[in-house]
Amino acid sequence: MKNVLITGGSRGIGKACVYEFSNNGYRVFLNYNKSSDEAEKIKNETGAVMVKADVSDSKQVNDMAEFIHTNYGKIDVIVNNAGISQQKMFTDITENDWDRMFDLNMKSMYLVTKAFVDDMIYKQSGKIINISSMWGVTGGSCEVHYSAAKAAVIGFTKALAKELGPSGICVNCVAPGVIETEMNSHLTKEDFDCLCEETPLERLGKPEEIAKTVRFLASENADFITGQVVNVDGGMVI
Ligand code: NAP
């Protein structure tokens, strides 16, 4: 049985990934930070192992890695999904906003990947899938810090793919368009209508559609794919 760690598995896209991998024979480690009730419910339905850690905190990430290594062994697949967004004019973004955005969306990937990648190098195999965003590809107005952090995820993915390729490890990222999750709960009906109009497939995406792409990238069907940005966005970015 393969072991997969999914960060931010308590809600939205990460939650859909937990179900997708659990339903397809993986042992899932469901990382969460604040949403313990949600995580507990998902654990009861899927059998996933709950691992609480703020993924922007190196001590908590290393404790999580030690717990998994001691009790379950090595991780075969890392899904770096946990993240936050924020809409603000560039001139209103504070230094604290900036640091938080990069700590949660980017530094977390460095910390989590570093804590588990030795397993993969030792085995000479593994898959790392990072969740970026279409705004990391195109840039989004009033989301400069989010766009910059998500663009950094793409640079991280490409560089790591080159470095880890000789060790048999594939590193890819998924760039979702607008997906129906709590992250977009601040948007109005008018905003949604507008976004649907801008999307060639004329609808928003579902978390399950991202999860299926992530599982494909983790599977042996994607063994010759590395360093790629897979846009799952209904055609927003063409
Ligand atoms: P969401 O519904 O807001 O869920 C965010 C998840 O991240 C939650 O499970 C949350 O866990 C976790 N998280 C946040 N801070 C954390 C921390 N410090 N440590 C561990 N976990 C943490 O968001 P989503 O829409 O599913 O987004 C998931 C990923 O997709 C993000 O990286 C986001 O940027 C990206 N994305 C989303 C969209 C979209 O339209 N939704 C589009 C493009 C990209 P707790 O609640 O337990 O803290």
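An oxygen atom of the ligand sits 2.5 Å from an N or O atom in the side chain of Thr-181. The protein buries 95% of the 890 Å² that the ligand exposes when taken alone. The model is predicted. Its strands include an open sheet of seven, paired in parallel, and a search of the whole structure finds eleven salt bridges.

**Ligand surroundings**

- The ligand is surrounded by 30 residues.
- The closest of these are Ser-35, Asn-81, Tyr-146, Thr-181 and Asn-184.
- The side chain of Ser-10 has an N or O atom 2.8 Å from an oxygen atom of the ligand.
- With Ala-53 the backbone takes part: one of its N or O atoms lies 3.4 Å from a nitrogen atom of the ligand.

**The sheet**

- Across the open sheet, the strand order is β3-β2-β1-β4-β5-β6-β7.
- Strands β3 (49-52) and β7 (229-232) form the edges, and each pairs on one side only.
- From one strand to the next, the twist averages 20°.
- Strand β6 (residues 169-176) runs parallel to β7 and is joined to β7 by four bridges.
- Cys-173 stands opposite Val-229, a residue of β7.

**Helices packed on the sheet**

- Helix α1 (residues 12-22) packs on the sheet and touches β1 (3-6), β2 (27-32), β4 (77-80) and β6.
- The direction of helix α1 makes about 170° with that of β1.
- Helix α4 (residues 95-123) also packs on the sheet, where it touches β1, β4, β5 (126-131) and β6.
- The direction of helix α4 makes about 170° with that of β4.

**A salt bridge between helices**

- Glu-20 and Lys-212 form a salt bridge, with their closest N and O atoms 3.5 Å apart.
- This pair links distant parts of the chain, since Glu-20 belongs to helix α1 and Lys-212 to helix α8 (residues 207-218), 192 residues apart.

**Around Met-50**

- Met-50 is found in strand β3, which is one of the edge strands of the sheet.
- Leaving aside neighbours within four places in sequence, Met-50 is in contact with Leu-30, Tyr-32, Ser-36, Ala-39, Glu-40 and Lys-43.
- Of these contacts, Ser-36 is 14 residues from Met-50 along the chain, and the C-alpha atoms of the two are separated by 8.9 Å.

Notes. Residues numbered from 1 in each chain as written. Predicted model: local features only at pLDDT ≥ 70, side-chain atom pairs only at ≥ 80, totals over all residues. Heavy atoms only, no water. Pairing = 2+ DSSP bridges. Helix = DSSP H or I, 4+ residues; strand = E, 2+ residues; numbered from the N terminus. Axes fitted to C-alpha atoms, helices over the stretch in contact; angles between N-to-C directions. Contact = heavy atoms within 4.5 Å. Near = heavy atom within 4 Å. Polar contact = N/O pair within 3.5 Å; in protein donor to acceptor, adjacent residues only side chain to side chain. Areas by Shrake-Rupley, 256 points an atom, 1.4 Å probe, with all protein chains shown as cover. Salt bridge = Lys/Arg side-chain N within 4 Å of Asp/Glu carboxyl O.
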